[in-house]
Structure formats: C-alpha cells, structure tokens
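Colleague: I'm new to this one. Could you pull it up and walk me through it?

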Amino acid sequence: MDDHFNYQNKQLHVEQVALADIAALHGTPCYVYSRAALTSGFRQFSDALQGREHLICYAVKANSNLAILNVFARLGAGFDIVSGGELQRVLAAGGDARKVVFSGVGKTVAEMRLALEANILCFNVESAAELDRLNEVADSMGKVAAISLRVNPDVDAKTHPYISTGLKQNKFGVAYTEAVALYRKAHAMPNLRITGMDCHIGSQLIETSPFIAAVEKILLLVDALSSEGIALEHLDLGGGLGICYQDETPPAITDYIAALLGALQGRTQKLILEPGRVLVGNAGVLLTRVEYIKPGEEKNFAIVDAAMNDLMRPALYDAYHGIKPVVREDHAVQNYEIVGPICETGDFIGHARELAIAPQSLLAVMSAGAYGMSMSSNYNTRPRAAEVMVDGDKVHLVRERETVQQLFAGEKIIAGL
Ligand SMILES: *Cc1c(COP(=O)(O)O)cnc(C)c1O
C-alpha cells in the first residue's frame with residue numbers, strides 16, 4: 001500500500017496525484033483507486049503461479065466498477081461472479097466469459113440461462129437442488145453445463161462470523177459428507193459435465209493454516225472421486241486472503257501461494273483462485289471532508305460527508321479503517337469520533353482517532369477499495385459517491401457521482417388518489 005499512497009510535502013498522494021486536487025476536481029465523498037496498486041497485486045499472484053496451469057478469477061463483488069474489471073481483464077484475469085448482473089458487468093468491461101466461474105447459493109433460472117448463453121467456464125454449484133435446476137435449464141437450451149461442486153470443508157477460518165463461510169452451520173456449499181454422492185448424481189445427469197471442485201472458506205483470513213486444512217480435506221474427496229472414475233480438470237480454492245487494515249499480519253501473496261502449491265504437490269489439475277479483497281482493498285481510499293467539529297460532553301465528534309451508506313464495513317462488522325489527513329495541517333491534535341451525517345448511531349467511520357483537523361479538512365479513509373463502493377446504498381437518499389482511478393499523473397473519473405433525480409427516477413406517485 002505504501003508504494004502507492006504516500007505523503008509528499010505534507011500532501012497525501014495517490015501515485016503522482018495529490019488527493020486534495022482530486023477533491024477539488026470531483027468533490028467528496030469520492031473513492032480513489034490506484035491502477036498501479038491493482039496491477040501490482042494481480043502480478044504478485046500471476047508471478048507466484050508461473051509455470052503452473054492456473055486462472056486468477058477476481059471476485060467481482062469486492063469492487064465491481066467497470067474500470068477495475070477492465071484493468072484485471074487486460075492482465076488476463078478471469079472473474080468469479082455471484083449474479084447475472086455481475087456477469088453483465090464483466091462482459092461490459094471487456095472480460096472473457098470463458099474465464100468466468102459462477103458462485104452463489106441462489107442462482108435463478110434467468111441467471112443460469114444468461115451464463116449458459118455466454119458460455120462461462122464453470123458453475124460452482126452449491127446444492128443438490130441447484131444440480132437439478134441447472135441440468136433442466138441446460139437441457140431446455142440444448143447445452144451442457146460445466147460444473148464444480150462447492151464443497152464445505154468444515155474448517156474454521158478464524159475470521160469475523162459474518163464473513164466465515166466454510167463451517168458446517170453456514171449456508172454455503174454442499175456438506176463434506178454428501179459431496180461424493182452428489183458428484184455421482186451429477187455424473188449421471190446428461191446436461192452436466194463435471195470439470196472441477198471448489199471451496200471458499202471465508203474472507204479476511206490472516207493465516208495460511210485454514211486454507212491448507214481445507215486443501216487437505218478437498219484432496220481426500222478428489223481421490224475418492226478418482227477411484228470411482230470421476231476425474232477433475234481443475235481445483236478452485238476460492239479467495240479469502242486478508243489484508244492489513246490496522247495491525248493484522250496476513251501472509252504475503254507469494255507465501256500464501258507457496259503454501260497452497262506445497263499442499264498440492266503431485267497434483268496436475270489446473271488451479272483456480274478467486275481473490276477479491278487482497279487485490280483491491282489496499283488499492284483504494286475513500287476521500288471525505290469534515291463538515292463540522294462538534295465537541296461533546298464525553299467525546300469530540302468530527303462529522304464528515306461520507307457515511308455508512310458509502311462505507312458500510314465499520315457499521316456492519318465493526319471494521320477498522322485507518323484515517324489519515326489529506327493535508328498535514330497545523331491544528332491542535334485532538335481525539336475524535338469520525339462519524340457520518342446519517343440518522344443511526346451505527347453511522348461511524350472510526351472511533352477515537354488522534355487527528356489535527358478543522359472544518360473543511362480532507363480525510364482519507366484507507367483500505368477502502370474492497371467492499372466499499374460495492375456495498376454502498378442510497379440510505380437517507382444519499383447519491384452514491386464518485387469513483388476515480390489514478391494512473392501515474394492522470395486522474396480518470398470512472399463513475400460519476402449519482403444525482404438525486406436518478407435515485408427516484410423509477411418511482412411513481414399513484415394517479416387519482
Ligand atoms: C466473496 C467471495 C470471494 C472473494 O473473497 P475475498 O475475501 O474478497 O477474497 C471468492 N469466492 C467466493 C465464492 C466468494 O463468495
């Protein structure tokens with residue numbers, strides 16, 4: 001991160017551009033992404049996987065802006081999608097449908113049709129009922145769907161309960177103990193073709209051990225299938241590698257890949273990974289301006305123009321994001337609650353931050369590239385933020401700020417009431 005977001009003469013820069021200049025040009029709140037940071041993250045994956053047949057399927061839900069998808073598509077990425085809408089984004093961004101894997105527990109008939117029409121690489125199927133539905137839909141289109149079963153390896157990812165997905169009690173994937181029987185069932189279905197196995201055990205993992213535990217369990221199933229004559233072409237080990245928000249020490253991408261490759265020794269299947277957060281999280285910041293300083297009886301509040309509708313992670317998971325001044329100014333350092341204008345006590349961006357700020361100061365909410373804009377909403381009829389991508393010394397607006405008119409364009413007053 002520090003390679004791409006740095007102070008130069010008291011001014012926080014992204015690559016070669018001062019964030020203050022972006023605020024002046026495009027206003028706040030505004031998400032700002034570094035193309036160099038995106039590229040560097042992707043290259044760390046592809047370099048570490050050199051010499052091994054692989055496909056890096058960026059998890060679109062982490063940040064689905066077309067410009068970001070396009071940067072990854074140009075680098076040769078595939079995509080992990082969880083809806084028909086995400087598929088349409090990938091195609092609009094110049095992504096290759098033949099490199100798309102489709103995850104998710106609730107695929108509709110319409111979404112299956114769209115994906116079959118586009119000839120995606122693989123459906124990551126999450127239940128017996130989904131196998132039946134997909135077989136029927138494919139049959140009705142005269143197609144054969146490539147499938148992988150998302151197996152729930154029942155390992156503890158040791159992450160926040162809302163983003164842990166690989167435990168028995170979670171809604172994701174098929175039960176480990178039922179996987180072989182479901183593969184047999186799929187094998188007998190005329191409009192399905194088994195191509196792989198996948199798992200995804202959670203997000204923001206900061207150790208390699210749960211990944212390795214999952215791989216080991218998955219490989220036992222692969223062997224059981226192979227002894228029944230069901231051979232797999234690929235193994236998809238999902239995403240989930242964490243990033244440093246505060247003081248976490250997740251493994252480096254190269255160490256994570258090395259650990260996976262170690263556990264996969266002697267296996268020849270193509271390796272698919274679905275990284276999301278680790279590719280975009282530290283490649284973006286949320287730029288916001290202080291509207292008011294409000295000294296309270298117990299706490300000082302800095303009320304900023306970004307809110308939980310722009311960045312939901314603090315409210316949803318009590319997540320920590322670093323908050324830095326965009327310009328190092330000479331105000332007294334005080335302890336602030338950094339909060340938004342929304343009518344919810346949960347609307348905070350950060351607690352107890354020591355900052356030298358005044359009204360109109362600009363702040364950068366760090367590590368905001370993943371699950372920031374993509375989880376944003378219009379709560380309180382707040383138009384969503386603008387998004388900007390910096391490339392060296394160039395600033396590209398990659399999403400215009402929403403207008404209020406757009407927000408209620410589809411609404412109607414009932415005539416004749
Ligand atoms: C969300 C998700 C990912 C990406 O997770 P990150 O923690 O952002 O890497 C990958 N695969 C599936 C199936 C997902 O749901």
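Modeller: Sure, let's start at the ligand: one of its oxygen atoms has a polar side-chain atom of Tyr371 2.6 Å away. That is a polar contact, a pair of N or O atoms within 3.5 Å. Keep in mind this is a predicted model, where local features need pLDDT of at least 70, side-chain atom pairs count only at pLDDT 80 or more, and totals for chains, interfaces and linings use all residues. Residues are numbered from 1 along each chain as its sequence is written, and side-chain values use heavy atoms, with hydrogens and water left out.

Colleague: How much of the ligand does the protein bury?

Modeller: The protein buries 94% of the 390 Å² that the ligand exposes when taken alone. Those areas come from the Shrake-Rupley method with a 1.4 Å probe.

Colleague: What does Lys61 do with its polar side-chain atom?

Modeller: That atom of Lys61 lies 2.7 Å from an oxygen atom of the ligand. Gly240 uses its backbone instead, with a polar atom 2.8 Å from a ligand oxygen.

Colleague: Which residues around the ligand come nearest?

Modeller: There are 14 around it, and Lys61, Ser203, Glu274, Arg277 and Tyr371 come nearest. To count as near, a residue needs a heavy atom within 4 Å.

Colleague: And how many of the shell are charged?

Modeller: Five are charged, alongside six polar and three nonpolar residues. Here Asp, Glu, Lys and Arg count as charged, Ala, Val, Leu, Ile, Met, Phe, Trp, Tyr, Cys and Pro as nonpolar, and the others, Gly among them, as polar.

Colleague: New topic: how many salt bridges are there?

Modeller: The count is ten, taking a side-chain nitrogen of Lys or Arg within 4 Å of a carboxyl oxygen of Asp or Glu. One of them joins Arg35 and Asp391, at 3.1 Å from N to O.

Colleague: Where do Arg35 and Asp391 sit?

Modeller: Arg35 is in helix α2 (residues 35-48) and Asp391 in strand β20 (residues 386-391), so the pair links distant parts of the chain, 356 residues apart. Helices (H or I, at least four residues) and strands (E, at least two) are DSSP runs, numbered from the N terminus.

Colleague: Which residues does the cis peptide bond join?

Modeller: Thr28 and Pro29, with omega about -10°.

Definitions and conventions
A polar contact is a pair of N or O atoms within 3.5 Å; within protein, one must be able to donate a hydrogen and the other to accept it, and residues adjacent in sequence count only if both atoms are side-chain atoms.
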